[in-house]
Each structure stands twice: as structure tokens, then as C-alpha cells.
Amino acid sequence: MPGTALPPTSRQVVFPSAGVIETAEQSLPSPGQDDLILRVALVGVCATDLHLLAGHIGDPFPLVPGHEFVGEVAAIGEAAAVTRGLSAGDRVAVEMLLPCHGCARCREGRYNLCEADDPSSGLPHGRQLGVNIPRTVSPGLWGGYAEHLYVPREAIVHRLPDALAWESAVLVEPLAVACRAIARGRVAPGESVVVIGPGPVGILAAAAARAAGAGRVIVVGTRANRLELARRFGADAVVNSRETDAVDAVHAELGGRLADVVIEIAGATGAQQQAVRLVRRGGRVVLAGACGANAPVTFLADEDLLTREIDLLPSFLSAGGFEPAIRMLERADFDYASLVTHRFGLDEVREAYDVIENRDGGVLKAVIDPSVGVSAR
Ligand SMILES: [Zn+2]
Ligand SMILES: [Zn+2]
């Protein structure tokens with residue numbers, strides 16, 4: 001295998017069951033012909049990871065979490081090197097989704113909706129690295145909270161510019177989610193965009209709206225420090241919906257009009273209802289926030305929807321968003337790395353989650369650096 005200098009094992013974080021965090025060593029095979037092994041440089045901590053640990057998502061334990069990984073090719077099979085045009089040492093981002101590439105949804109580009117089961121593993125469709133592939137499936141290197149990740153043939157791999165710092169590159173997945181949401185909303189130059197939910201993806205959605213040429217970008221939320229941060233990522237105005245009526249405030253900011261496009265990424269049914277009330281007649285509402293299982297949302301069928309003919313557009317995961325996200329990171333119109341506020345090692349996942357749950361120190365994006373705390377082995 002060209003360029004192979006793999007250690008015998010890879011250290012990884014394992015959730016063996018709900019609420020339990022361990023670290024383990026997993027043996028590191030050579031990649032198959034069509035596969036590669038990624039050395040993880042950084043992996044973002046996502047709210048999804050905390051839900052996985054809590055058992056809320058119902059995904060299979062034991063699990064290696066982490067789906068926001070970037071790194072470099074540690075070893076690559078000969079066929080994969082040819083088809084992907086990659087060799088050891090190249091810097092890449094890998095999408096979490098493992099689509100079949102053959103079903104009707106995949107062929108129309110909506111591979112986030114892949115309908116195929118994987119015949120080789122018998123696993124259901126929608127397999128996602130770091131989310132729903134149990135560690136018991138060989139070789140057990142399916143999550144990003146690890147020194148290494150196994151990247152099979154069906155994975156979608158994007159080359160990263162050599163000059164892009166890992167601290168910026170690690171935001172590619174949340175930025176890709178934001179780019180998909182903006183694309184789903186068909187944001188056109190000059191249009192007004194409201195983003196509800198100034199978490200990492202919401203702040204990046206403001207930046208993506210700006211990159212799409214939006215005329216005026218307004219971010220709505222409830223946490224003052226995050227709203228202020230949004231101003232540095234493309235927001236012309238911010239609205240604290242705890243202090244003021246959001247509809248009135250958006251009206252005022254848009255000269256008496258409502259928004260052409262509203263992006264909801266707060267992940268709350270109340271925010272989805274608010275989104276519908278912030279958009280103009282005939283406008284578009286993108287629902288990109290996950291609200292959790294059994295979260296019914298109510299709209300007024302006639303007053304909110306029928307007579308206003310708004311387009312309700314769910315946006316799921318990041319399909320099609322990585323390439324525009326990489327170009328945005330490369331252009332560096334915003335100080336992306338400043339969103340990474342905290343860095344932890346593989347042994348510090350509990351501390352990381354405590355910081356996030358307690359909202360300590362204005363945490364925005366925490367990342368895990370597998371090289372932290374590792375001496376020469
Ligand atoms: Zn995520
Ligand atoms: Zn498919």
C-alpha cells in the first residue's frame with residue numbers, strides 16, 4: 001500500500017451504552033482496494049453527539065461518535081487512489097452520509113434521502129458515519145472521535161486546500177448544512193433573509209446567505225452573545241425575540257415588509273411557527289433544525305399557509321453543501337476559526353459535554369483534537 005505508515009491500533013472514544021463514555025484501542029487494518037483510512041485532525045462536537053450519548057436518537061450502541069471530521073489520508077487502497085485522485089498525506093473532508101449512489105434519490109442528487117439498503121452489511125439506508133453504524137461492524141472505525149476513521153467506497157470525499165487551517169476546515173460540515181439550507185431556500189441576490197437560531201449552523205447560515213448575495217440578513221435568537229457574534233458573520237441586524245416581538249422587529253428592519261426567505265435552524269417547533277409568520281406572502285421557509293422525535297408542529301391551514309402560498313422546504317443534512325462550503329472557507333470572508341472556542345482531547349469528552357451543557361465560557365463550537373494528550377507512542 002503506497003505511503004502506508006499506519007500504527008497498529010487507533011485510539012477512539014466509545015459510547016458502549018447510554019450515558020457511558022470510554023476510550024478504547026481498535027486495531028487498524030490496511031484499507032481495502034476501494035477504501036481509505038483517514039487520520040483525523042479535528043472533529044467538531046455537535047448537539048447530535050450529546051443526544052446520541054443520552055440514547056435519544058435510538059442508534060445502535062456500542063458506538064464511536066463524531067461526524068464533523070477533517071483530516072488527511074493516512075493510507076489508501078490502489079483503486080481508491082485512482083478513482084479519487086488522492087494519495088497519502090492529502091487533506092480531505094469526508095461526508096457522514098454513505099449513500100448507495102444508485103437509487104432514484106441518489107441519482108437525482110438527493111443522496112441524503114437514499115432509499116437503498118446496503119446488501120453487504122444488511123444495514124438500513126441512511127447510514128451515517130459517527131451516528132448509526134455500531135462499532136461491532138468490522139473494522140469498528142466508523143466515528144470521528146478517534147485517531148483514525150475508515151472511509152469505504154461509497155463515502156463522499158472532498159479535497160481540502162492545503163492552506164486551509166484545520167480550525168477553519170473543521171467547520172465544513174456545519175457550513176455545508178447551512179449552504180444546503182440556503183440552496184433549498186433558493187436565496188437570490190438582493191433578497192432579504194431571516195435566520196432563526198444563532199447556533200453554529202445559524203451563524204454560518206447568515207454567512208452563507210451573504211455569500212449567496214442576500215440583500216439584507218437578519219438573525220433572530222434569544223442569546224445576546226451569540227446574536228452579537230452573528231453580526232461578525234454577515235448579519236446586518238439581530239433581533240432578540242425574548243426582548244421584542246420578532247414580527248414587529250423584522251417589519252421595522254425591512255421597511256414594513258416581511259422576509260423573502262426564512263431559515264429556521266433553532267430546532268424548536270415554536271421557531272418553525274415563528275418562521276412562517278416572518279416570511280412574506282409567496283416567500284420560502286426552510287426548516288433545517290431537528291426538533292427531536294414526536295414533535296408535532298401546528299400551523300393555521302388557511303391563515304398561515306393556504307392564503308399566503310408560502311413554500312415550506314425541509315432541509316436535511318448537508319447534501320450538495322460541501323463544495324460551496326469549502327469555497328467559502330477558502331475565500332475567508334469571515335473569521336471562521338473564531339467560532340471554535342474550545343478544544344479537548346479524546347480523554348476529555350465528558351468535560352467537553354459538561355462545558356456545552358452548562359454553556360460555560362460562551363462556548364460556541366467545541367472540537368476534539370485526537371492529538372491532545374498523546375505522547376509519542
Ligand atoms: Zn453535526
Ligand atoms: Zn441511494
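**Strand 3 and a zinc site, in questions and answers**

Q: In this predicted model, which residue of strand 15 is the bridge partner of valine 43?
A: Strand 3 covers residues 36-44, and strand 15 covers residues 365-368. These two strands pair in the antiparallel sense over 2 bridges. Within strand 15, the bridge partner of valine 43 is isoleucine 368.

Q: Which residue in strand 4 stands opposite valine 43?
A: Strand 4 spans residues 68-76 and runs antiparallel to strand 3, with 8 bridges joining them. In strand 4, the residue opposite valine 43 is phenylalanine 69.

Q: Which residue in strand 6 stands opposite arginine 39?
A: Strand 6, residues 148-151, is joined to strand 3 by 4 bridges, and the two run antiparallel. Opposite arginine 39 in strand 6 stands histidine 148.

Q: How many of the 9 residues of strand 3 are buried?
A: A residue counts as buried when its relative accessible area is under 20%. Strand 3 is mostly covered by that criterion, and its buried residues number 8 of 9.

Q: Which residues coordinate the zinc ion (ligand 2)?
A: Each donor atom is an SG, and the distances to the zinc ion (ligand 2) are 2.3 to 2.4 Å. In sequence, the donor residues follow the spacing C-x2-C-x2-C-x7-C. The coordinating residues are Cys100, Cys103, Cys106 and Cys114.

Q: What is the arrangement of the 4 donor atoms around the zinc ion (ligand 2)?
A: Four donors count as tetrahedral if all angles lie between 85 and 135 degrees. Around the zinc ion (ligand 2), the 4 donor atoms subtend angles of 104 to 118 degrees, so the arrangement is tetrahedral.

Q: Is cysteine 103 buried or exposed?
A: The cut-off for buried is under 20% relative accessible area, while partly exposed lies between that and 50%. Cysteine 100, with 34%, is therefore partly exposed. Cysteine 103 has 12% relative accessibility, so it counts as buried.

Q: What radius of gyration does the protein have?
A: The C-alpha trace spans about 65 × 45 × 40 Å along its principal axes. For 377 residues, a compact globule would have a radius of gyration near 21 Å. The protein agrees with that value, because its own radius of gyration is 21 Å.

Q: What percentage of the contacts with a separation of 6 or more comes from residues 24 or more positions apart?
A: For background, the protein has 12 helices and 15 strands, and buried residues make up 54% of its 377 residues. Among contacts with a separation of 6 or more, the share from residues 24 or more positions apart is 70%.

Technical notes
Residues numbered from 1 in each chain as written. Chains lettered and ligands numbered in written order. Predicted model: local features only at pLDDT ≥ 70, side-chain atom pairs only at ≥ 80, totals over all residues. Heavy atoms only, no water. Donors = N, O, S within 2.8 Å, 3.2 Å for Na, K, Ca; no water. Tetrahedral: all angles 85-135°; square planar, octahedral: opposite > 155°, others 65-115°. Buried < 20%, exposed > 50% of the residue type's maximum accessible area, 1.4 Å probe, protein only. Rg over C-alpha atoms; globule rule 2.2 N^0.38 Å. Contact = heavy atoms within 4.5 Å. Pairing = 2+ DSSP bridges.
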